[in-house]
Amino acid sequence: IVRTSVGRAAETGGSMEGKEEERGKEKGCWLAFHQALGFGLNRWAGVLLRRYGTLAAAWQDPELTEGTWLPQEVRLKLLAARRKLRPEEILDRCADRGIGILTLLDKEYPDSLLQISDNPVILYYYGKTELLKLPMVAVVGSRHCSGYGQLQAGEFSRRLAQAGLCIVSGLAKGIDGCAHRGALQCGGATVAVLGSGVDVIYPRENRGLYEQTCREGLVLSELPPETPPAPWTFPLRNRIISGLSLGVLLIEARARSGALITSQLAAEQGRELWVLPGPVTSPASIGPLQLIQDGARAVITPGDILRDLGILEE
């Protein structure tokens, strides 16, 4: 979807109060369509915007579910949703819980995600959206990591954050948590992308880290609030982690690790892929070593990444 102005009527003429009311109405309708269609909105938002100009106009049009331009399955979902959903109530529930909302038409929506083919049309968040303007590097790896992996994830993240990069990861156990902590411990920037609703803490043992990241960093999810984690949600969130980033650093991953999905997505999205080698005797080194065999860039120090990005001179 090409970014355009949200609600042309809201952007031209009228009082400031009226414009804010129109923007709120439009955002509520994005949320209602999201609840009605789920990830299907990623496909249909562009169609609806081209036909109506805004999703508020689409939601209010009694002819929306007639004609041949929508498949029957989508039409039935929208009919059922319009009988029970109230866009303003959905928006108010998010506001009451302090949950922020970005649609891909908002100016705060990260440009990096506009570059990927399956970008999320809505992001729910807690924290500082200004971090989305910073250059980012993802640090990912195994949940069941070694002491070596924990140490290196923290040290790489700390050094990269001190150089002005924002560290992106998934707030999971193991490498992810160490990456966020490394950035936060030096006062650096970090963004956590969840495989659950932005208000659902998973895993529970990361509650303290989650709360700190909400205060000092940014927590994102494309899933509606209260959505529990499930096996299918984590591969989907991984495309956002890599999509936000200039590149992905992989630290420890078993042969079938979910972190390898993020690495593969980085390559598909044209992002840099860096791999930290580990001992050949460790199962957690199998994934990284295989990627190195396949041509991924092996790194030894954070300086290797900074030089690749032009932040340090050779």
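Which residues line the largest cavity? I put this to the predicted model before turning to its sheet and its second largest pocket.

**Entry 1. The cavity**

I searched the whole structure for cavities of 30 Å³ or more and found 1. The volume of the largest cavity comes to about 50 Å³. I listed its lining as Phe39, Leu194, Gly195, Ser221, Glu222, Leu223, Thr233, Leu236, Arg237 and Ile240. Sorted by class, this lining holds 5 nonpolar, 3 polar and 2 charged residues. I then asked which element supplies the largest share of the lining. H11 does, with 4 residues.

**Entry 2. The second largest pocket**

I next examined the second largest pocket, for which I noted a volume of about 230 Å³. Its lining numbers 16 residues, and those closest to the centre are Arg143, Phe234, Arg237, Asn238 and Gly258. I recorded three elements that each give two or more residues to this lining: strand E3 (136–141), helix H11 (233–244) and helix H12 (258–268). H11 again attracted my attention, as it gives the most to the pocket lining, with 5 residues. The classes in the pocket lining are 9 nonpolar, 4 polar and 3 charged. I marked Arg237 for its place in both lists: it lines the largest cavity, and it is among the residues closest to the centre of the second largest pocket.

**Entry 3. The sheet**

I traced an open sheet of 9 strands with mixed pairing, in the order E1-E2-E6-E5-E4-E3-E7-E8-E9. Which strands form the edges? They are strand E1 (100–103) and strand E9 (297–298), each of which pairs on one side only. I then followed E3, which contributes to the pocket lining, to its neighbour E7 (residues 247–251); the two run parallel and are joined by 5 bridges. Along this pair, valine 137 stands opposite glycine 247, and valine 139 stands opposite leucine 249. On its other side, E7 pairs with E8, also in the parallel sense and over 5 bridges. There I found isoleucine 251 with leucine 276 of E8 as its bridge partner.

**Entry 4. Burial of E7**

I asked whether the residues of E7 are buried or exposed. With the cut-off for burial set at under 20% relative accessible area, 5 of the 5 residues of E7 are buried, so the strand is largely enclosed by the rest of the structure. In a regular strand, side chains alternate between the two faces of the sheet. I therefore checked the faces of E7 separately and found both covered: Gly247, Leu249 and Ile251 are buried on one side, Val248 and Leu250 on the other.

**Entry 5. Helix H13 and the E9 edge**

I looked up what lies across this part of the sheet and found helix H13 (residues 286–293), which crosses E7, strand E8 (272–276) and E9. The helix runs at about 125 degrees to E8. I finished at the edge strand E9, where I selected alanine 298. Its relative accessible area is 31%, so I entered alanine 298 as partly exposed. Leaving aside residues up to four places away in sequence, I found that alanine 298 touches Val275, Pro277 and Ile292. For one of these contacts I also looked up the backbone separation: the C-alpha atoms of alanine 298 and proline 277 are separated by 6.6 Å, although the two residues are 21 residues apart along the chain.

Technical notes: Residues numbered from 1 in each chain as written. Predicted model: local features only at pLDDT ≥ 70, side-chain atom pairs only at ≥ 80, totals over all residues. Heavy atoms only, no water. 1 Å grid on protein atoms, 1.4 Å probe; cavity = no way out; pocket = protein on both sides within 12 Å on 5 of 7 lines; lining within 4 Å. Points joined across faces, edges and corners; volume = space filled by probe spheres on them. Nonpolar A, V, L, I, M, F, W, Y, C, P; charged D, E, K, R; others polar. Pairing = 2+ DSSP bridges. Contact = heavy atoms within 4.5 Å. Axes fitted to C-alpha atoms, helices over the stretch in contact; angles between N-to-C directions. Buried < 20%, exposed > 50% of the residue type's maximum accessible area, 1.4 Å probe, protein only.
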